[in-house]
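Visitor: I have a structure open and would like to talk it through with someone. Could we go over it together?

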Amino acid sequence: MSGAPARTLLLWCPDWPVLAAEIVDGVPATDPVVVLHANRVVACSERARAEGVRRGLRRREAQGRCPQLTVVDHDPARDARAFEPVVAAVEEVVAGVEVIRPGACALAARGPSRYLGGEEAAAERIVEHVAQTCAVESQVGIADGVFAAGLAARDGRIVPPGGTPQFLAGLPVEALGRPTLTDLLRRLGVRTLGDFAALPAGDVLARFGFDGALAHRLAAGRDHRPLAVRQPPADLTVTADHDEPIDRVDAAAFAARTLAEQLHERLAAHGLACTRLGIEAVTAHGQELHRVWRHDGLLTAAAIADRVRWQLDGWLSGSNGRGGARPARPTAGIIRLRLVPDGVLAQAGLQPGLWGETGEERERAHRALSRVQGILGPEAVVTAVLGGGRSPADQVRLVPWGDERLPARPGPPPLPAAEPSRPPVPTGPAVPTGPAVPTGPAVPTEAAVPTGQFGPVRAGAVARPAGVGAVVRSGRRGGMARSGGAAPVPPWPGRIPPPAPAVVLPTPLPAAVHDAAGEPVVVSARLAVSAAPARLTVGAGRPAEVVGWAGPWPVDERWWAPAEARRRARFQVCLADGAALLLAVEGGQWLVEAIYD
């Protein structure tokens, strides 16, 4: 690198995590307050410092020094959210702001100093504007480079041009903010940044590595990292005001078409495409309406217009209501319509792929299905999205064509099929704790026959899926965790192994399962099957012979809420005529849930 570091103005808000807790959560910053991360103090209020609390103390030691402490957990998202208005206030005075971290932002000092009459005048103007706009106290430091400006801001100091090395030389090595390196330098007798900067650069690199070499450059005042200034986002919102309130769907559709074309042209001028569209409307009585539409792909002008028309139709006539229910109509006609591109991305990312993943055939299908939606409504064309769940019906979600394809539940990686043999049911401490389960007969342990369509099929015993040894609780699994740093247990224990059934019945069919002696097959609370299933009767049909079966896959969901608790076990059975079914027994009643192909 070559050249001198650029003059940098850095604004710093002392104790920002404490101030953010006051702004967001209402915790008074004038009280003794500490912010903890990993049980150590990362920030404290001025009153807490007066009681002897310092950064780095453990919670118990800090409370011992000040028993009246208010403890707040560290939340970086809260700090960033509260700091955004401060950054916006700085951008009202100067342009090109870079956020260093929540509580500190930097910018090039040359432009503001020339425009506002000097560096000191620029610093005073920014501090005053932030105080008036956000009611936040701040300090400004100006030096050559971001690192030196950050240290100067702690004293509200302006380091003259060229004086940064001398300013840094007298500071302790703790100013580097690297505890491990600082401790090592202290043990080597290096106590100030000047002592550290005097060491040969080659020896520092060989002894302390790349991070030590970077710290060595900072200690010498050779900070050449350019500012990555934040550019204010372009205003892509389009708005239309109407003198005559719109209270008819046809008039609203015409206004939506014009506004959609304007939005599409504005996005195209910036090389952007909309993936999430916000629709806002204001009525003549001041009522504000807002809705966000998501889209999985490119929103053309026609697609934007369709979604605006659908939404206006729902607002003005309530035609999207189902089951006879209609949403409340606005109190007056719409006088202002606004489209906000809430989610955008570079349009180049939506170009047809080289191997046809988003090629011509997909675009033709997209145009045809979007046309059907434009005529019949968004719910007329739906696609299935696979996700997580313990039952096949819970794993599928139907979403309108073009909407974001997100599963209703997060899906785990596929589980392997059941192994031919499993160890006996654990009866010691490995069984998950919960309500007492009545004791049932022992589980048979005959040998398994070769694997069939569903995995292992037993002639007279229970085939347990991998990982199931006792009643599986919703959200956790019994037994020991796998060793060796393996991936965490999937969040849907009790799922049936692949393959998935071909047809999932919307309403399960009642059934009856009997053994070879004609007695009903029952499953005890300990998951013991009374006898091997021999015959299956679905509804009022004729009995069918069972030639193979696997299970049970037990599920005990929401056991902590008695009103919502559900406990059942599922079986896979193969019939003599070649049919394969997924059965479930719940409360002593057998049901047919799905059919295999």
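Guide: What follows is a short conversation about this predicted model.

Visitor: How many helices and strands does the protein have?

Guide: The secondary structure comes to 14 helices and 21 strands, and of the 597 residues in the protein, 40% are buried.

Visitor: And what share of the contacts with a separation of 6 or more is between residues 24 or more positions apart?

Guide: Such pairs account for 59% of those contacts.

Visitor: Let's go inside, then. How many residues are in the largest nonpolar core, and which have the most contacts there?

Guide: That core has 32 residues, and those with the most contacts inside it are Leu11, Trp16, Val86, Val90, Ile126 and Val130. Two or more residues each are given to this core by β1 (7-12), α1 (16-25), β2 (33-37), α4 (76-91), β6 (104-108), α6 (119-134) and β7 (139-144). The largest share, six residues, comes from α4.

Visitor: What does isoleucine 126 touch?

Guide: Leaving aside residues up to four places away in sequence, isoleucine 126 touches Leu9, Leu11, Val90, Val93 and Val94. Apart from the core just described lies another one, of 29 residues, which includes Leu236, Leu277, Leu299 and Ala303.

Visitor: Back to the helices. At what angle do α4 and α6 pack?

Guide: They pack at an angle of about 130 degrees, with their axes 9 Å apart. An angle between 115 and 145 degrees counts as oblique, and α4 and α6 are therefore oblique to each other. In the crossing itself, which is right-handed, α4 passes α6.

Visitor: Which residues make the contact?

Guide: On the α4 side the contact is made by Pro85, Val86, Ala89 and Val90, and on the α6 side by Ile126, His129, Val130, Thr133 and Cys134. By type, the residues of this contact divide into seven nonpolar, two polar and no charged.

Visitor: Changing topic: where is leucine 406?

Guide: Leucine 406 lies in the loop between β13 (396-400) and β14 (448-452).

Visitor: Is leucine 406 buried, exposed or partly exposed?

Guide: Leucine 406 is partly exposed, because its relative accessible area is 42%, and the partly exposed class runs between 20% and 50%.

Visitor: What does leucine 406 touch, then?

Guide: Not counting residues up to four places away in sequence, leucine 406 touches Val385 and Arg397. The C-alpha atoms of leucine 406 and leucine 386 are separated by 8.6 Å, and these two leucines are 20 residues apart along the chain.

Technical notes: Residues numbered from 1 in each chain as written. Predicted model: local features only at pLDDT ≥ 70, side-chain atom pairs only at ≥ 80, totals over all residues. Heavy atoms only, no water. Core = buried A, V, L, I, M, F, W, Y, C linked by side-chain atoms within 4.5 Å. Buried < 20%, exposed > 50% of the residue type's maximum accessible area, 1.4 Å probe, protein only. Helix = DSSP H or I, 4+ residues; strand = E, 2+ residues; numbered from the N terminus. Contact = heavy atoms within 4.5 Å. Axes fitted to C-alpha atoms, helices over the stretch in contact; angles between N-to-C directions. Parallel < 35°, antiparallel > 145°, perpendicular 65-115°, else oblique. Left-handed = near helix turned anticlockwise from the far one by under 90°. Nonpolar A, V, L, I, M, F, W, Y, C, P; charged D, E, K, R; others polar.
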